[in-house]
Protein chains: 2
Amino acid sequence: MKRQNIDHTQLLVLSLLAGEDMYGYQMIVELARRSDHTFEMKEGTLYPVLHGLERQGMVEAYEQEAPTGRQRKYYHLTRKGGAFLQEEAAAWQKYAGAVSAVLRCSPGLV
Amino acid sequence: MKRQNIDHTQLLVLSLLAGEDMYGYQMIVELARRSDHTFEMKEGTLYPVLHGLERQGMVEAYEQEAPTGRQRKYYHLTRKGGAFLQEEAAAWQKYAGAVSAVLRCSPGLV
DNA sequence: TGACATACCTAGAATCACTAGGTATATTAT
DNA sequence: ATAATATACCTAGTGATTCTAGGTATGTCA
């Protein structure tokens, strides 16, 4: 389909970083919390996506020590990433609206 | 993710058949119309999905001659398929709601 | 000290949708 | 008449996305 390929993981990750810098593990926890545990992202899904976003200049990574003494890798949304997020969010709205429109054509589904 | 795997093509196809029996080509045209051309499903996507749904007993196929004299293969939603559609539609609502909830956490996206 | 949570990572498999072809008939334009 | 387009079905192979299933290592709590 045209624009079937909304990368949901990418969209959700970018939207998390729009609010504040986060590290990977935190994103997984936050995403679960904000979605009422509808999304339980796997590490095997998240980390490759983060690396891809970094390669594309959508996010920048930096290391920072946690109060516990552990090393964390934080990600920051770049200006380019912010613009991309806007596009992806708009694409999602369009996509979700279209699905809803199709479902509404069949009574008893919505 | 948990329930990341909503098969969008399957959901849309089943919802089309909830209204009336349709043949493949018609589904592509109807889906484009109902989604304001957001969805332009490819034949290479649709037909394998239809065959899969038939194999699983979600739809039943029958041949019927069109007024033009051409042979068409119509698909009919079975009771099992109807129940499955209800589940998938509910899963979609939950999924879409969760995405919206996450996006709403970041101002300026919704 | 053993279990669990935190925190990062990758290789390979599975799923889903697409590309790019194929076949064939009906309609419309030249 | 015939060429182009629309209708109508199909499949093999490819690419993209996400998952499974591991690995490494540190911190916390019972």
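Which residue of chain A comes closest to the rotation axis? It's Ala96(A), with its C-alpha at 3.5 Å, and you'll meet that axis in the first view. Before you look, note that this is a predicted model, where local features need pLDDT of at least 70 and side-chain atom pairs count only at pLDDT 80 or more, while totals for chains, interfaces and linings use all residues. Residues are numbered from 1 along each chain as its sequence is written, chains are lettered from A and ligands numbered from 1 in the order in which they are written, and side-chain values use heavy atoms, with hydrogens and water left out.

**View 1. Two copies around an axis.** Turn chain A by 180°, with 0.0 Å of shift along the axis, and it superposes on chain B with an RMSD of 0.1 Å. The two copies are thus related as by a two-fold rotation axis. The fit is by least squares on the C-alpha atoms of residues with pLDDT of at least 70 in both copies.

**View 2. Where the chains touch.** Chain A and chain B each bring 39 residues to the contact, which means heavy atoms within 4.5 Å. Of the interface residues of chain A, 100% are also interface residues in chain B, so the copies meet through the same surface. How much area do chain A and chain B bury between them? About 3,600 Å², 67% of it on carbon and sulfur atoms. Buried area here is the accessible area (1.4 Å probe) that two parts lose on being put together, summed over both.

**View 3. What holds hands across the interface.** Between chain A and chain B there are 6 residue pairs in polar contact, both residues at pLDDT 80 or more. A polar contact is a pair of N or O atoms within 3.5 Å; within protein, one must be able to donate a hydrogen and the other to accept it, and residues adjacent in sequence count only if both atoms are side-chain atoms. On chain A's side, the elements giving two or more residues are α1 (8–19), α2 (24–34) and α4 (79–104). The largest share, 14 residues, comes from α4(A). Helices (H or I, at least four residues) and strands (E, at least two) are DSSP runs, numbered from the N terminus.

**View 4. A salt bridge inside helix α2 of chain A.** A salt bridge is a side-chain nitrogen of Lys or Arg within 4 Å of a carboxyl oxygen of Asp or Glu. Arg33(A) makes one with Glu30(A), and their closest N and O atoms are 3.1 Å apart. These two residues sit 3 apart in α2 of chain A, so about one helical turn separates them. Over all chains the count is 4 salt bridges, but across the interface of chain A and chain B it is 0.

**View 5. The sheet of chain A.** Here 3 strands make an open sheet in the order β1-β3-β2, with antiparallel pairing. At the edges are β1 (22–23) and β2, each pairing on one side only. Strands pair if DSSP finds at least two bridges between them; β2 (residues 59–65) and β3 (residues 71–77) of chain A have 7. Look for Ala61(A) opposite Tyr75(A), and Gln64(A) with its bridge partner Arg72(A). The hairpin of β2(A) and β3(A) has 5 residues between the strands, and Gly69(A) there takes a positive phi near 100°.

**View 6. An edge strand in chain B.** In chain B, β1(B) pairs with β3 (residues 71–77) in the antiparallel sense over 2 bridges. Met22(B) stands opposite Tyr75(B) in β3(B).
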